[in-house]
Amino acid sequence: TLPLRSADERAADAALAARVEAALIADENIYARHIDVVVDRGVVHLGGFVFSEEDFRMARRDAASVSGVKHVDMEMELLRGGVSGTSR
């Protein structure tokens, strides 16, 4: 078991989570509204769900592209056909 995170580590993880969320939202090619981001010591955990395999891959790519991300752990579910007829 890892020791508890310090206040500085929690602040750094919160800032990194905000940057990852911003990267996901900024990507016009992915519907990221249902993606949850949690960061623990630089490891990004993506949860929630996406509607296509391409969104799944793009979410991983977008998160990994953010400076400071050590690893991306994909915990998302794939729900096919969820945004049919809606704009991204």
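I started at D13, which touches R5, V39, D40, R41 and G42 once residues up to four places away in sequence are set aside. This is a predicted model, so I'm reading everything below as computed.

**D13**

I looked up where D13 sits, and the residue lies in helix α1. Buried or exposed, I wondered about D13? D13 is buried, because its relative accessible area is 6% and the cut-off for buried is under 20%. I then checked what the carboxylate side chain is doing: the side chain of D13 makes a polar contact with the side chain of R5, at 2.6 Å. R5 also turns up in the list of residues that D13 touches.

**Overall layout**

I stepped back to the whole chain. I count on 2 helices and 4 strands, and reading from the N terminus the order is α-β-β-α-β-β. For the box, I noted that the C-alpha trace spans about 45 × 25 × 15 Å along its principal axes. How much of the chain is buried? Of the 88 residues, 34% are buried.

I also pulled the contact statistics. Taking contacts between residues at least 6 apart in sequence, 66% join residues at least 24 apart. The exposed surface comes to about 5600 Å², with 52% of it supplied by carbon and sulfur atoms. For charges, I have 11 positive and 15 negative, and their mean positions are 1 Å apart.

**Core**

Next I went for the nonpolar core. The largest one has 20 residues, and those with the most contacts inside it are V20, L24, I35, V37, V44 and L46. Which elements give two or more residues to this core? I found α1, β1, β2, α2 and β3 (71-74). The largest share comes from α1, with 4 residues. That fits the general pattern, since nonpolar side chains in soluble globular proteins tend to be buried together.

I picked V37 for a closer look. Leaving out residues up to four places away in sequence, V37 touches A17, V20, E21, L24, V44, H45 and L46. Of these, V20, L24, V44 and L46 are also among the residues with the most contacts inside the core.

**Loop between α1 and β1**

A32 was my entry point here, in the loop between α1 (7-26) and β1 (35-40). A32 counts as buried because its relative accessibility is 12%, below the 20% cut-off. Skipping neighbours within four places in sequence, I see A32 in contact with L24 and I25. L24 is in the core list too. I also took a C-alpha distance: A32 and V50 are 18 residues apart along the chain and separated by 7.3 Å.

**Loop between β2 and α2**

I finished with two residues in this loop, F51 and S52. The flanking elements are β2 (43-50) and α2 (53-64).

F51 counts as buried at 12% relative accessibility. Its C-alpha is 9.4 Å from that of I30, and the two residues are 21 apart along the chain.

Why does S52 count as buried? Its relative accessible area is 19%, so S52 falls under the 20% cut-off. I then followed the side chain of S52, which reaches the backbone nitrogen of D55 at 3.0 Å. D13 was the other residue whose side chain I followed, with R5 as the partner at 2.6 Å.

Methods
Residues are numbered from 1 along each chain as its sequence is written. This is a predicted model: local features need pLDDT of at least 70, side-chain atom pairs count only at pLDDT 80 or more; totals for chains, interfaces and linings use all residues. Side-chain values use heavy atoms; hydrogens and water are left out. Buried means under 20% relative accessible area, exposed over 50%, partly exposed in between (1.4 Å probe, protein chains only). A polar contact is a pair of N or O atoms within 3.5 Å; within protein, one must be able to donate a hydrogen and the other to accept it, and residues adjacent in sequence count only if both atoms are side-chain atoms. Contact means heavy atoms within 4.5 Å. Accessible areas come from the Shrake-Rupley method with a 1.4 Å probe; for residues, only the protein chains shown count as cover. Lys and Arg count as positive and Asp and Glu as negative; His and the chain ends are not counted. The place of a charge is taken as NZ of Lys, CZ of Arg, CG of Asp or CD of Glu. A nonpolar core is a set of buried Ala, Val, Leu, Ile, Met, Phe, Trp, Tyr and Cys residues joined through side-chain atoms within 4.5 Å.
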